[in-house]
Amino acid sequence: MTTGASTPPYPARPRRSRLRTFLPLGIAAWLVLEIWLLTLVAGAAGGFTVFLLLIAGFVLGSVVIKRAGRRAFQNLNEALQRGAPPSSGGGSGLMMLGGLLLMLPGLVSDAAGLLLLLPPVQKAVGRYAERTVDRKLRRATPGSFGDAFQQARIHRPDGKVVQGEVVRDEPGGTPREQYPPLNR
């Protein structure tokens, strides 16, 4: 049966973002670089030395992540006891990222992880990330995922909360389910 409407030979696909296009290529290049550097160092210093470097990076990364997590938890606990919102500064997230990069096997990731442990680099990366996120949120279209984050970031100084309840009218014979309130 025909409807009279012609279908296009190729359906229009949405355009892929640059990140989705080049991220797999970047990861593949990073892996090749890591393997090449490890074999280069293994040829010059020996395989056991490379093994010790990888183990040391893993141990150092786990120590850094543990300390950064403990510091972030302490800051959150102190802020909650004071009744104030937790401070956004401190760089615990970037320290954890640096520790994670140290834990990944490879020399390039270790170098990047060690750089992220330096406070000036943390401040610069933190400022860059904050500017990038703010710019993306300002450009968010209504109804998009970024718009939801923008609405969630709205700070009301008076602290007013509007209590409410959602009431659905069900058709006559359907039993009504009971849900617990959302504020507990």
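Lys123 sits in helix α5, which covers residues 119–138. This placement comes from a predicted model, as does everything else described here. With a relative accessible area of 57%, Lys123 is exposed, because anything over 50% falls in that class. Lys123 also has company: together with Arg127, Arg131, Arg135, Lys136, Arg138 and Arg139, it makes up a patch of positive charge on the surface.

Helix α5 also holds Pro119. Here the relative accessibility comes to 48%, so Pro119 counts as partly exposed; the exposed class asks for over 50%. Looking along the chain, Pro119 and Leu94 are 25 residues apart, and in space their C-alpha atoms are separated by 9.8 Å.

Now for the wider picture. The protein is built from six helices, with zero strands. Reading from the N terminus on, then, the order of elements is simply α-α-α-α-α-α. The chain has 184 residues, and 14% of them count as buried. As for the outside, the protein exposes about 15,600 Å², and 65% of that area is supplied by carbon and sulfur atoms. Contacts across the chain can be sorted by how far apart the partners are in sequence: taking those with a separation of 6 or more, 54% join residues 24 or more positions apart.

A patch of another kind turns up on the surface, this one nonpolar. Its members are Phe48, Phe51, Leu52, Ile55, Phe58, Val59 and Val63, and together they have about 680 Å² of accessible area. One of them, Phe48, is found in helix α2, which runs over residues 47–82. Is Phe48 buried or exposed? Phe48 is exposed, because its relative accessible area is 60% and the cut-off for that class is over 50%.

Asp110 offers a contrasting case, a charged residue that is buried. Asp110 belongs to helix α4, made of residues 107–116. Which side chain of opposite charge is nearest to Asp110? That is Arg67, and it lies 17 Å away. A salt bridge would need the charged atoms within 4 Å, so Asp110 has none with Arg67. What Asp110 does touch, once residues up to four places away in sequence are set aside, is a set of leucines: Leu101, Leu102 and Leu104.

Key:
Residues are numbered from 1 along each chain as its sequence is written. This is a predicted model: local features need pLDDT of at least 70, side-chain atom pairs count only at pLDDT 80 or more; totals for chains, interfaces and linings use all residues. Side-chain values use heavy atoms; hydrogens and water are left out. Helices (H or I, at least four residues) and strands (E, at least two) are DSSP runs, numbered from the N terminus. Buried means under 20% relative accessible area, exposed over 50%, partly exposed in between (1.4 Å probe, protein chains only). Contact means heavy atoms within 4.5 Å. Patches are made of residues with over 30% relative accessible area and no salt bridge: like charges are joined within 9 Å, nonpolar side chains (Val, Leu, Ile, Met, Phe, Trp, Tyr) within 5 Å. Accessible areas come from the Shrake-Rupley method with a 1.4 Å probe; for residues, only the protein chains shown count as cover. The place of a charge is taken as NZ of Lys, CZ of Arg, CG of Asp or CD of Glu.
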